Structures are given as C-alpha cells and as structure tokens.
Amino acid sequence: MTTTSIDTQPQLASFDVSGVWQGGLNTRVEARQFTLVVDEPPAIGGADEGANPIEYVLASLSGCLTVVVRTVAAELSLEVGAVETKASGTLDLRGFLGTADVSPHFQHLDLGITLSTTATPEQLAELQTLVAARCPLLNLIKDAGVDVRETWDVRDA
C-alpha cells in the first residue's frame, strides 16, 4: 500500500447552487454556468421535464466515483481504460409520504463499477480501498447508514 503524508491544514472548497420553483414539482437549479431541471414523473404529480432529486443523487454518485477512480489510479500510476458505473437505490416511500416512522433516504444502494485495467490484484485492492475512503458522495451515503453493496467488474485493458 502506498504511504502518504497527512496534511493537517484544512483545504476547504465551497460549492453553491440556487434553485427556483417553476410550478408543479419542477425546479430550475443553477450550478455555475449549468442549468439542471429537477422534476418528478406524472405518477407522482410532476411533468417529467427532468430527472428527480433521487436520480440526481445517483447520477452525482456515479460521476463522483468516476472522478475518484481516475484520480486515484493516476496517483498510483495505474493504467485504467474505460470506467462505467451503475447505481440503484431503494427507498421506503412511507418516509417521504409521512405515513410511517421510517427514514426517507435509501434503505440500500447497489453500486456497480466496471473498469478496464492492467492492475494486479494487489493494486486493484489498493485502488478500491482508496476510492471507498476518498469518494465524498459515497461516504455521505454510507455515513447516513445506507447499506451500500459494491460490485467491481474488472476487465483487461
């Protein structure tokens, strides 16, 4: 395992978004120069004009994992080709609806990471450990007590 020195000085980064209700269940969210439309499907009362908030969480997790895999692989001098992610989570809607005393967040989350690499089994184990430790969104979800089931599918580069 690679040893790294511990940086004791905080290096804080702030992230800001703003949202404006557009009617119904639709919100326009601005993040830097990007606009995201958040909506719900008609079955929940929305107009289906954008992904819903839960889908954005899963999309953000997928993007975050890809960034961390690529960053850590580069630090470890590992050749990594394609990276693909799949995330699916299960909610107990009674928490959102207020009909039962259950958490409204994910009950469990299945996470699949597929990558092509020439890494040895030992290098792959180190990559997986560091990714799990350093992915902000994965840790946010795990820290909420969500049962996260990770599956790594590794292919030759």
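Two residues are taken to be in contact when heavy atoms of theirs lie within 4.5 Å. With that in hand, the packing of helix 1 on helix 4 is a good place to start in this predicted model. On the helix 1 side, the residues involved are Val57, Ser60, Leu61, Cys64, Leu65 and Val68, and they meet Pro136, Leu137, Leu138 and Ile141 of helix 4. Sorted by class, that contact has 9 nonpolar residues, 1 polar residue and no charged ones. The two helix axes are 7 Å apart and make an angle of about 130 degrees. Angles that are neither under 35 degrees, nor over 145, nor from 65 to 115 count as oblique, and helix 1 and helix 4 are therefore oblique to each other.

Helix 4 has a second helical partner. Helix 3 packs against helix 4 with the axes 6 Å apart and an angle of about 70 degrees, which makes helix 3 roughly perpendicular to helix 4. Here Ala132, Ala133 and Arg134 come from helix 3, while Pro136, Leu138, Asn139 and Lys142 come from helix 4. This contact of helix 3 with helix 4 splits into 4 nonpolar, 1 polar and 2 charged residues. Pro136 and Leu138 turn up in the contact with helix 1 and again in the one with helix 3.

Stepping back to the whole chain, there are 4 helices and 6 strands. Read from the N terminus, the elements go β-β-β-α-β-α-β-α-α-β. The C-alpha atoms fit a box of roughly 50 × 30 × 30 Å along the principal axes. Of the 157 residues in the protein chain, 28% are buried. Looking at contacts with a separation of 6 or more, 52% are between residues 24 or more positions apart.

Next comes the sheet that helix 4 sits on. It is an open sheet of 3 strands, in the order 4-5-6, and the pairing is mixed. Strand 4 (80–91) and strand 6 (147–156) are the edge strands; each has a single partner, so one side of each has no neighbour in the sheet. Neighbouring strands in this sheet are turned by 10 degrees against each other on average, direction ignored. In general, strands of a sheet pair through backbone hydrogen bonds, in either a parallel or an antiparallel way. Strand 4 and strand 5 are antiparallel, with 10 bridges between them, and Gly89 has Leu109 of strand 5 as its bridge partner. Strand 5 (residues 106–117) and strand 6 run parallel, again with 10 bridges. Going along that pairing, His108 is opposite Asp147 of strand 6, and Leu115 is opposite Val154 of strand 6. Helix 4 (residues 136–143) packs on this sheet by touching strand 5 and strand 6, and its direction makes about 145 degrees with that of strand 6.

Strand 5 is well covered: 10 of its 12 residues are buried, so the strand is largely enclosed by the rest of the structure. Leu109 shows what that looks like for a single residue. Neighbours within four places in sequence aside, Leu109 is in contact with Leu58, Leu61, Ser88, Gly89, Ile141, Val146, Asp147, Val148 and Arg149.

Leu109 also belongs to the largest nonpolar core, which has 26 residues; the members touching the most others are Leu61, Leu65, Leu109, Leu111, Leu127 and Val131. Two or more residues each are given to this core by helix 1, strand 4, strand 5, helix 3 (121–134), helix 4 and strand 6. Helix 1 provides the largest share, at 8 residues. As a rule, nonpolar side chains in soluble globular proteins tend to be buried together.

Two other positions are worth a look. Glu55 lies in helix 1 (residues 53–75) and is partly exposed, with a relative accessible area of 42%. Its C-alpha atom is 9.9 Å from that of Glu40, 15 residues away along the chain. Asn26 lies in strand 2 (residues 26–31). Buried means under 20% relative accessible area, and Asn26, at 8%, is buried. Apart from neighbours within four places in sequence, Asn26 is in contact with Val20, Trp21, Val37, Val38, Asp39 and Glu49. The C-alpha atoms of Asn26 and Asn52 are 9.1 Å apart, with the two positions 26 residues apart along the chain counted as their separation.

Notes:
Residues numbered from 1 in each chain as written. Predicted model: local features only at pLDDT ≥ 70, side-chain atom pairs only at ≥ 80, totals over all residues. Heavy atoms only, no water. Buried < 20%, exposed > 50% of the residue type's maximum accessible area, 1.4 Å probe, protein only. Pairing = 2+ DSSP bridges. Axes fitted to C-alpha atoms, helices over the stretch in contact; angles between N-to-C directions. Core = buried A, V, L, I, M, F, W, Y, C linked by side-chain atoms within 4.5 Å. Nonpolar A, V, L, I, M, F, W, Y, C, P; charged D, E, K, R; others polar.
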